[in-house]
Amino acid sequence: MSDVCIVGAGIHPFGRTEGRDGMDQGIFAVKQALADSGIEWKDVEFAFGGSAASGNADNMVSQLGLTGIQFINVSNGCATGGSALNAAVSAIKSGEYEMGMAVGFDKHPRGAFNADPSSYGLPNWYGEAGYMLTVQFFGAKIMRYLHEHNISRETLGRVAEKAFRNGVKTDHAWRRSEVDLETIMNAPMICDPLTKYMFCSPAEGAVALILASEKKAKELGVPIIRLKSSVMRTRPPGSFEVFAASIDNERGGTATEIASKAAFEQAGMGPEDIDIAQLQDTESGAEIMHMAENGFCKPGDQEQWLLEGWSEINGKLPINTDGGCLACGEPIGASGLRQVYENVVQLRGTAGARQVPGDPKTAYTQVYGAPGVSAVTILQR
Amino acid sequence: MSAQPIADNLFTEDMSALVGARNRETGHIFFPLPLTPDDNIEPIRLASRGTVWTYTVQRFPPKAPYAGPTDPEKFKPYAVAYVSLPGQTMVETRLTGVDVDDVKIGMEVELTAIPLDPDAPPEEQKLIHAFKPVQGE
């Protein structure tokens, strides 16, 4: 079967943009993606899009043009962007459409993500007693992981240090200055073992991708990036997710492990075939766990990976080359698509100061979110 | 009136155990007892002793819906752990009676109840569940 191809990519810089709402940032990204692929809005046959906090994506037609296209809104938490892409790929694979778009955008206020216990099926006392905080989950989960696999807290610091170092070289990143390991380790503790620099923040931003059938992509005459897999999965029994008043004694697998396995199967590849990876790094610990959950190393080997610089831009498997969520912040609807955007730029060889050397040909993304969803893509040039 | 539990069905009547839930069909045990009654779910008494499986420390005052003291001057960091109760489940709980910097994975702990706001007048105090180190071991 022929591949679905990415023929255009656009991004609105992540971070904070005063005076421009989330949807306008989405429009900005769409226009950039259209220009990138050399097509016009009227050529787009369908779209899937979403935001968590910035309105219904289909309202974008009032600014982009009332062409009457099919525009379906996607709401899948942190996997919104990944799910939009997944749906767009299926629409083209089905043969019904030749060219469409996946878009994600968001704008969260400072300190967003206040959670309400009842929307998670939890009693009010859970929030009143001080458990309704995502940061506690991240701290408790990585605390166990470090203990089980004998990984030092400095490794968490090295992940953050790398993220900021890469962010300096990234036009669309939010945090654009380096932070040294000592500062990261000595910063105020938020939830042990994670200090303030080891967490990403709610932010703003948007990404749009134009997708086309292989036939259509060749007609356009643009650089072709093939989407070898696009997979979204939910959690298996015994996973450890946010806002759990209890978890099973018997531990199980993760949504990411399932999604990753399926994505590699779909692509006919293995972890050893991947040249670049963008992995969910809501906090430093997430990147560490996801390195193993996606099959790139064994649990425990992350200590050496970070120490030796194997996941740096010039390492054997560069991870989060644009600084990831730690440097870019996390606008929920756009975050997963940012990873794909970064891989498109890297595979085209146009990433400038952060370009991965050695002419990379394959690139991997993984986004993970509450309450145990994961989406993976594999791109090939 | 003296201090009351923060919610019904959190503790057993005599406050000696937490109330968990058991699925009659699958035997799956979890916590807390769901708010909506379900014929398939029966309340069970959870073990009052267990071991710390993992933990973290809440270092800053939480925002709403947190109902404890949030004055940054007076806020005391608290440890939140998952305590493994043998043969049952792991419950999320505060730890008490131990300095937050001395908590260790594998510590043996037992159930107790602590006031959400120790400075509140006794008649207004709400009790929440916590685990404390087992003495003399």
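In this predicted model, A:G8 stands opposite A:I210 of strand β7(A). That position belongs to an antiparallel pairing between β1(A), residues 4–15, and β7(A), which extends over nine bridges. On β4(A), residues 99–107, β7(A) has another antiparallel partner, again joined through nine bridges. Here A:F105 has A:A206 of β7(A) as its bridge partner.

What, then, is the burial of β7(A) like, residue by residue? Strand β7(A) covers residues 204–213, and 10 of its 10 residues are buried. In a regular strand, side chains alternate between the two faces of the sheet. In β7(A), A:E204, A:A206, A:A208, A:I210 and A:A212 point one way, whereas A:G205, A:V207, A:L209, A:L211 and A:S213 point the other way, and all of them are buried.

Two residues of this strand also turn up in the nonpolar interior. The largest nonpolar core holds 161 residues, of which A:A88, A:M101, A:L209 and A:L211 touch the most other members. The element giving the most to this core is helix α13(A), residues 332–348, with eight residues. The surroundings of A:L211 can be followed in some detail: leaving aside residues up to four places away in sequence, A:L211 touches A:V4, A:C5 and A:I6, then A:A88, A:V89 and A:I92, and also A:M99, A:G100, A:M101 and A:A102. In soluble globular proteins, nonpolar side chains tend to be buried together.

Burial is not confined to strands. Helix α10(A), residues 284–293, is mostly covered, with 10 of its 10 residues buried. Among these buried residues are A:E287, A:H290 and A:E293, alongside A:I288, A:M289 and A:M291. Just after α10(A), A:G295 takes a positive phi of about 90°.

A charged residue offers a further case. A:K228 lies in strand β8(A), residues 225–234. Is A:K228 buried or exposed? A:K228 counts as buried because 21 other C-beta atoms lie within 10 Å, and the cut-off for burial is 20 or more. Beyond residues up to four places away in sequence, A:K228 touches A:D3, A:Q266 and A:A267, together with A:I378, A:L379 and A:Q380. A:K228 and A:Y364 are 136 residues apart in sequence, yet their C-alpha atoms are 9.9 Å apart in space.

Seen as a whole, chain A contains 13 helices and 12 strands. Its C-alpha trace spans about 55 × 50 × 40 Å along the principal axes. The radius of gyration of chain A is 20 Å, which agrees with the value near 21 Å for a compact globule of 381 residues. Buried residues account for 59% of the 381 residues in chain A. Of the contacts in chain A between residues at least 6 apart in sequence, 77% join residues at least 24 apart.

Attention can now turn to the contact with chain B. Chain A supplies 28 residues to this contact and chain B supplies 33 residues. On the side of chain A that touches chain B, the elements giving two or more residues are α4(A) (124–128), α5(A) (134–149), β5(A) (189–191) and β9(A) (246–247). The largest share, six residues, comes from α5(A). By class, this side of chain A comprises 15 nonpolar, nine polar and four charged residues. Strand pairing also crosses between the chains: β9(A) and β7(B), residues 90–95 of chain B, pair in the antiparallel sense over two bridges. Within this pairing, A:I247 stands opposite B:M90.

Conventions: Residues numbered from 1 in each chain as written. Chains lettered and ligands numbered in written order. Predicted model: local features only at pLDDT ≥ 70, side-chain atom pairs only at ≥ 80, totals over all residues. Helix = DSSP H or I, 4+ residues; strand = E, 2+ residues; numbered from the N terminus. Rg over C-alpha atoms; globule rule 2.2 N^0.38 Å. Buried ≥ 20, exposed ≤ 12 C-beta atoms within 10 Å, placed from the backbone. Contact = placed C-beta atoms within 7 Å. Pairing = 2+ DSSP bridges. Nonpolar A, V, L, I, M, F, W, Y, C, P; charged D, E, K, R; others polar. Core = buried A, V, L, I, M, F, W, Y, C linked by C-beta atoms within 7 Å.
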